[in-house]
Amino acid sequence: VALAGNPNVGKSSLFNRLTGMGVATANYPGKTVELQLAVTRLGEHRIGVIDLPGTYALGGVSEDQWVARQALLDGAPDAVVLVLDATNLARNLYLGLQLLDLELPMVVALNVVDQAEARGIRVDVERLAEILGCPVVPTVATRGSGLDSLMRAVMRRTARGTPLHPRFRYSEDVESAVGKLERPLRGRTDRPHRLSARTVAILLLEGDPEFSAWLESAPHTEELRRLRDELALTLRDLRGEDSSLLLTRERHGLAGLIASEVERRQRRRPLL
């Protein structure tokens, strides 16, 4: 199980509460950012836990992002626990949308729900789970609240064996481009990290360096490169910006829309 989230959502508290002592560390060669590794228990089950570097995205721009991303792609965890700050969903959900694009089996730990409620913010947990297509468990990591329920949801998620389907989609223009690039990718058995054709199509349209390098070096990709370039140019003509920026902008927009859909804000009564 991998724990993902930005540096300020209480992810470290959750990791420490789950695992206690006996934490090991590991590095990718040539990288200084560490991964923390430990084991937790749920009944008779021993569950390995990897605490990924705190990051807001998986774009590979910083070393933190690169290490978190490669640990997910190389390690192929049985589940990813995305730790969200219930007081700031819109900012946190961008990373969640990237994880769903990678089609990783995800469970959301909706953390600091006590602080959110103190600020008059209530999150519709059932609606958020419906939109994201994954379990959402309220937690207060500093107190250990909700962690048993979280790990039970992780166990159910890994036992299910088939991915759930999120209910969000990109704009019609982007989805059309992704679909056209996805079709020829389905027939290729050499897709990096054995990711789905849709995931690879999204990453290619984003101009992801690793997947772009694969497209350049893999055999028999001339037509695929030409199609990718044509679709990227079409998106630029239609929307006025590069497809990589367009996808980033649409994720941010979707994160905001989802947050506004599930948040219920109550007006605070004045003390006097």
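The exercises below work through the overall form, the sheet and one helix pair of this predicted model.

Residues are numbered from 1 along each chain as its sequence is written. Because the model is predicted, local features need pLDDT of at least 70 and side-chain atom pairs count only at pLDDT 80 or more, while totals for chains, interfaces and linings use all residues.

**Exercise 1. Describe the chain as a whole, and explain how its radius of gyration compares with the globule rule.**

Step 1. The secondary structure comes to 11 helices and 9 strands, where helices (H or I, at least four residues) and strands (E, at least two) are DSSP runs numbered from the N terminus.

Step 2. The radius of gyration, which is taken over C-alpha atoms, is compared with a globule rule of 2.2 Å times the number of residues to the power 0.38. For 272 residues this rule gives 19 Å, and the chain has a radius of gyration of 19 Å, so the chain is as compact as a globular protein of that length.

Step 3. Of the 272 residues, 50% count as buried, a term that means under 20% relative accessible area with a 1.4 Å probe, protein chains only.

**Exercise 2. Give the order of the strands in the open sheet, and find which strands stand at its edges.**

Step 1. The open sheet has 7 strands in the order β2-β3-β4-β1-β5-β6-β8, with mixed pairing; two strands pair if DSSP finds at least two bridges between them.

Step 2. At the edges stand β2 (24-27) and β8 (136-138), and each has a single partner strand, so one side of each is left without a neighbour in the sheet.

Step 3. The partner β3 (residues 34-42) runs antiparallel to β2 and is joined to it by 4 bridges. A24 has L37 as its bridge partner in β3, and N27 is likewise bridged to E34.

Step 4. Between β2 and β3, which form a hairpin, lie 6 residues, and in the turn G30 has a positive phi of about 80°.

**Exercise 3. Classify the packing of helix α9 against helix α10 from the angle between them.**

Step 1. Helix α9 (residues 209-217) and helix α10 (residues 222-239) pack at about 135°, and their axes are 8 Å apart. Axes are lines fitted to C-alpha atoms, for helices over the stretch in contact, and angles run from 0 to 180 degrees between N-to-C directions.

Step 2. Angles under 35 degrees count as roughly parallel, over 145 as roughly antiparallel, 65 to 115 as roughly perpendicular and the rest as oblique; α9 and α10 are therefore oblique to each other.

Step 3. The contact (heavy atoms within 4.5 Å) is made by S212, W214, L215 and E216 of α9 together with L224, R225 and R228 of α10.

Terms used. Side-chain values use heavy atoms; hydrogens and water are left out.
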